[in-house]
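Q: I have a model open and would like to learn how to read it. Could you take me through it step by step?

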There are 2 protein chains.
Amino acid sequence: MSVVEGLDGCVVVGVHPEKVRLVVENAPDADELTRVSAVFKLLGDPTRARLLYALLEAGELCVCDLAASTATAEATVSQALRLLRASGVVTGRREGRNVFYRLSDAHVRLLLDVTREHITHEPEPGRR
Amino acid sequence: MSVVEGLDGCVVVGVHPEKVRLVVENAPDADELTRVSAVFKLLGDPTRARLLYALLEAGELCVCDLAASTATAEATVSQALRLLRASGVVTGRREGRNVFYRLSDAHVRLLLDVTREHITHEPEPGRR
DNA sequence: TCCTCATCTGAACAGATGATCAGATATTAG
DNA sequence: CTAATATCTGATCATCTGTTCAGATGAGGA
């Protein structure tokens, strides 16, 4: 064990201080981290994830079709879309009485794809 | 509006029934969806996300260095690693008294990269 | 063996969160 | 304008989740 000083001046004891310093210097700042985990948290709810995969598949759907596609109450869908919209994950387009939603970002599409890939091609959790 | 029958036999009213059917047929099944959202949920906690970005940066770190790097109590780190380990997101390797953790999967690294990219290069949420 | 250090675990409390309901808003048809 | 349809919103409640604490476990040195 050796002793180093953290960025905040506190004395820190660590096994690999150079790695600790590397991490402390390059880590996402608080705001960035908050936004990153907020995105993941949005995708972390099964209801919202279901809606997002539906949009990934269909490209664009109105609330009532989303509700029908995912066997979810419309109010629940609306509630979920409210959050997704507020974070810019989906975008709404009004056409007459209907509002059509789509994934607003290629990054999100990539996240959904990669994770589904991860799940279907990796060993079951808890094996390692 | 037109009327179609869902896979469950219930009558469904929709604007674009062909898209609804497309989604219903290709959507992730319940188990797949649960596992996908479980992964996202794990990344959705700021504490865990911080740890994962630390591991992404350092490659491998023991619990005490992780705690020091992220200014988090060791018990909290340990608790977080317990969950990440159980889902196969990180892997632990014992070396003497220390346990060194690393990201166990390239998919996870990609998710972390893409999302940080997403956050840093996209407009603030709520603007669209 | 005994002691210390690093890490893990189960329990408990406080705070966050999602589904649901009832009512509000917006848009179009009549 | 009024009615009807689609979507949205605020509030409530049951549930989940993260942090913390105290003690257990496992490894290494004396």
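Q: How do S4(A) and strand S5 (residues 98-103) of chain A pair, and over how many bridges?
A: Strands and helices here are DSSP runs, numbered from the N terminus: E with at least two residues for strands, H or I with at least four for helices. Two strands pair if DSSP finds at least two bridges between them. In this case S4(A) and S5(A) pair in the antiparallel sense over six bridges. One example is A:Arg94, whose bridge partner in S5(A) is A:Val99.

Q: Is this a predicted model, and how are residues and chains labelled? What are the rules?
A: This is a predicted model, where local features need pLDDT of at least 70, side-chain atom pairs count only at pLDDT 80 or more, and totals for chains, interfaces and linings use all residues. Residues are numbered from 1 along each chain as its sequence is written, while chains are lettered from A and ligands numbered from 1 in the order in which they are written.

Q: In what order do the three strands of the open sheet in chain A lie?
A: The order is S3-S5-S4, with antiparallel pairing. S3 and strand S4 (90-95) of chain A stand at the edges with a single partner strand each, so one side of each has no neighbour in the sheet.

Q: How do I describe two packed helices?
A: Use the angle between their axes and the distance between the axes. Axes are lines fitted to C-alpha atoms, for helices over the stretch in contact, and angles run from 0 to 180 degrees between N-to-C directions. Here the axes of H6(A) and helix H6 (residues 106-121) of chain B come within 10 Å and cross at roughly 170°. That makes the two helices, H6(A) and H6(B), roughly antiparallel (a word for angles over 145 degrees).

Q: How many residues of chain A are in contact with chain B?
A: Contact means that the C-beta atoms of two residues, placed from the backbone, lie within 7 Å. By that rule, 59 residues of chain A touch 59 residues of chain B. Because 98% of the interface residues of chain A are also interface residues in chain B, the copies meet through the same surface.

Q: What turn lays chain A on chain B?
A: Copies are superposed by least squares on the C-alpha atoms of residues with pLDDT of at least 70 in both. A turn of 180° with a shift of 0.0 Å along the axis gives an RMSD of 0.1 Å. The two copies are thus related as by a two-fold rotation axis.

Methods. Angles under 35 degrees count as roughly parallel, over 145 as roughly antiparallel, 65 to 115 as roughly perpendicular and the rest as oblique.
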